[in-house]
Each structure stands twice: as structure tokens, then as C-alpha cells.
Amino acid sequence: MENVLPDGRTPGLVIASNRLPVTLSLGADGSIASERSAGGLVAALASQPNVKEWVGWPGTVVPDELHDRVRDDLGAKGLCPVFLSSDEEREYYSRICNDSLWPLFHYFVDRVRFTPEAWESYVEVNERFAEQIAAVAEPNGRVWIHDFHLALVPRALRRLRPDLVIGYFLHIP
């Protein structure tokens with residue numbers, strides 16, 4: 001049965017993935033540019049008419065003083081950035097996602113490298129994604145979370161927003 005809002009509308013879908021469907025570039029002159037990323041998820045969802053917001057990391061470390069400008073620029077396109085510091089990019093993304101989870105899911109257990117500090121960063125970033133999704137999702141809305149980078153988000157989001165319909169898709173074997 002379709003989830004319907006009190007005004008009769010179907011709530012928009014919030015997509016959450018590690019990366020936004022754009023590649024963000026910051027110029028030395030303070031300019032901000034973004035262009036559509038290549039990839040299967042982006043291509044598959046580009047024509048989806050009921051995507052309300054897409055929550056994700058813009059793929060680069062954005063200086064604090066540019067957060068508002070980047071948020072406004074991307075927000076105009078229905079994109080909601082989750083900013084990572086360079087430490088978080090290293091700990092969450094490189095050390096846990098790339099050096100721990102990816103090898104583990106692909107049966108390269110001899111390549112798994114894990115540190116408690118990196119895991120702590122992974123948990124914190126997943127919590128921040130959940131908070132951002134909770135902030136933009138409509139009441140009784142629908143959320144579709146993608147891949148192992150955000151494996152802890154569904155539980156954190158359920159704790160914050162029990163009203164949401166939450167889907168999770170793992171893109172790897």
C-alpha cells in the first residue's frame with residue numbers, strides 16, 4: 001500500500017548514498033562548480049520523478065567558510081551535502097570503507113585493516129547522515145539508503161524518525 005500524506009500526496013523519496021550524484025569542484029577564486037557524476041546509481045535514478053532530496057558527501061573536503069554557499073548551490077538542485085573533514089575522509093572513507101569493509105565484503109580478509117579510531121569516525125559520519133536525512137524527510141516519508149558506506153544509517157535513522165519507511169540496498173555481493 002502506498003504511503004500517503006494527509007494532503008493526499010505521496011511523500012517524496014529521499015536517496016542517501018556516500019556520494020552525491022555530482023562531482024563538486026572548488027576553484028582557487030572561490031568559485032563552485034558541479035557536474036553530473038557517471039555511475040550506475042546516478043544513471044538509474046536520474047529519471048526517477050519523485051526523488052525529493054539526495055543526501056550525500058560532495059566528494060571533496062569543503063572549507064568551513066564555503067559550507068553555506070555549497071549547501072545553497074547544491075540545495076537548488078535537490079542535493080543535500082554531508083560535509084567531511086580531511087580526518088573524516090581519511091578515517092571513515094579510506095580506512096573503514098576502503099581498507100576494512102570493501103575487502104571484507106569481497107572475501108579479501110587478509111587485506112582488512114581496522115582501527116578503533118577509524119571505526120569511531122565511521123559511526124559518527126553515519127550518525128550525521130541519519131541526522132541530515134531526518135531533517136529533510138517529510139513526515140511518513142520514504143528513504144532509500146545505499147551501500148556499505150552507510151550501513152549504520154538505517155538503525156540511527158529509525159531511532160530519530162520512527163515514522164519513516166526505510167529501504168536499504170547493498171550494492172556488493
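**Strand β1**

I began with strand β1, residues 13–19, in this predicted model. I counted the buried residues and got six of the seven, so β1 is largely enclosed by the rest of the structure. Which strand does β1 join, and through how many bridges? I found four bridges to β6, and the two strands run parallel. I then looked for a pair of residues across from each other: Ala-16 in β1 stands opposite Ile-145 in β6.

**Arg-142, at the β6 side**

I stayed with β6 and picked Arg-142, which lies in this strand. Is Arg-142 buried or exposed? Its relative accessible area is 16%. The cut-off for buried is under 20%, so Arg-142 counts as buried. I also checked its distance to Val-14. Arg-142 and Val-14 are 128 residues apart in sequence, yet their C-alpha atoms are 6.3 Å apart in space. I noted that Val-14 falls within the residue range of β1, 13–19.

**The whole protein**

I stepped back to list the elements. The protein has five helices and seven strands. From the N terminus on, I read the order as β-β-β-α-β-α-β-α-α-β-α-β. How much of the protein is buried? Of its 173 residues, 41% are buried. I looked up the exposed area as well: the protein exposes about 9,300 Å², and carbon and sulfur atoms supply 54% of that area. For contacts with a separation of 6 or more, 67% are between residues 24 or more positions apart. The pair Arg-142 and Val-14, 128 residues apart in sequence, is one that I had already written down for its distance in space.

**Helix α5**

Next I went to helix α5, residues 153–160. Which residues of α5 are buried? I wrote down Val-153, Pro-154, Ala-156 and Leu-157. Seen down the axis of α5, these buried residues fall within an arc of 165°, so they line one face of the helix. I added a reminder for myself: an α-helix has 3.6 residues a turn, so residues three or four places apart point the same way. On the face turned away from the buried side, I found the exposed residues Arg-155 and Arg-159. I then asked what covers the buried residues of α5. The cover includes helix α4 (116–136) and the strands β6 (142–146) and β7 (165–169). Strand β6 turns up here again, after its four bridges to β1.

**Glu-91 and Ser-121**

I looked at two residues from two helices. Glu-91 lies in α3, and Ser-121 lies in α4. Are they buried or exposed? Ser-121 has 7% relative accessibility and counts as buried. Glu-91 counts as buried too, at 12%. The two are 30 residues apart in sequence and 6.0 Å apart in space, C-alpha to C-alpha.

I listed their contacts, leaving aside residues up to four places away in sequence. Ser-121 touches Glu-88, Glu-91 and Tyr-92. Glu-91 is in contact with Ile-96, Thr-115, Glu-117, Ala-118 and Ser-121. I looked at the polar atoms of Glu-91 last. Its side chain makes a polar contact with the side chain of Arg-90, at 3.5 Å. The backbone nitrogen of Ala-118 lies 3.4 Å from a polar atom of the Glu-91 side chain.

**Ser-100**

I moved along α3, residues 86–105, to Ser-100. With 4% relative accessibility, Ser-100 counts as buried. What does Ser-100 touch, beyond residues up to four places away in sequence? I found Arg-95, Val-112, Arg-113 and Phe-114. For two of these residues I wrote down the distance from the backbone oxygen to a polar atom of the Ser-100 side chain. The value is 3.1 Å for Arg-95 and 2.2 Å for Arg-113.

**Cysteines**

I finished with the cysteines. How many disulfides does the structure hold? It holds zero. I looked up the burial of two cysteines. Cys-80 is buried, with a relative accessible area of 8%. Cys-97 is also buried, with a relative accessible area of 0%.

Key: Residues numbered from 1 in each chain as written. Predicted model: local features only at pLDDT ≥ 70, side-chain atom pairs only at ≥ 80, totals over all residues. Heavy atoms only, no water. Disulfide = S-S within 2.5 Å. Buried < 20%, exposed > 50% of the residue type's maximum accessible area, 1.4 Å probe, protein only. Arc of directions from axis to C-beta. Contact = heavy atoms within 4.5 Å. Pairing = 2+ DSSP bridges. Polar contact = N/O pair within 3.5 Å; in protein donor to acceptor, adjacent residues only side chain to side chain. Areas by Shrake-Rupley, 256 points an atom, 1.4 Å probe, with all protein chains shown as cover.
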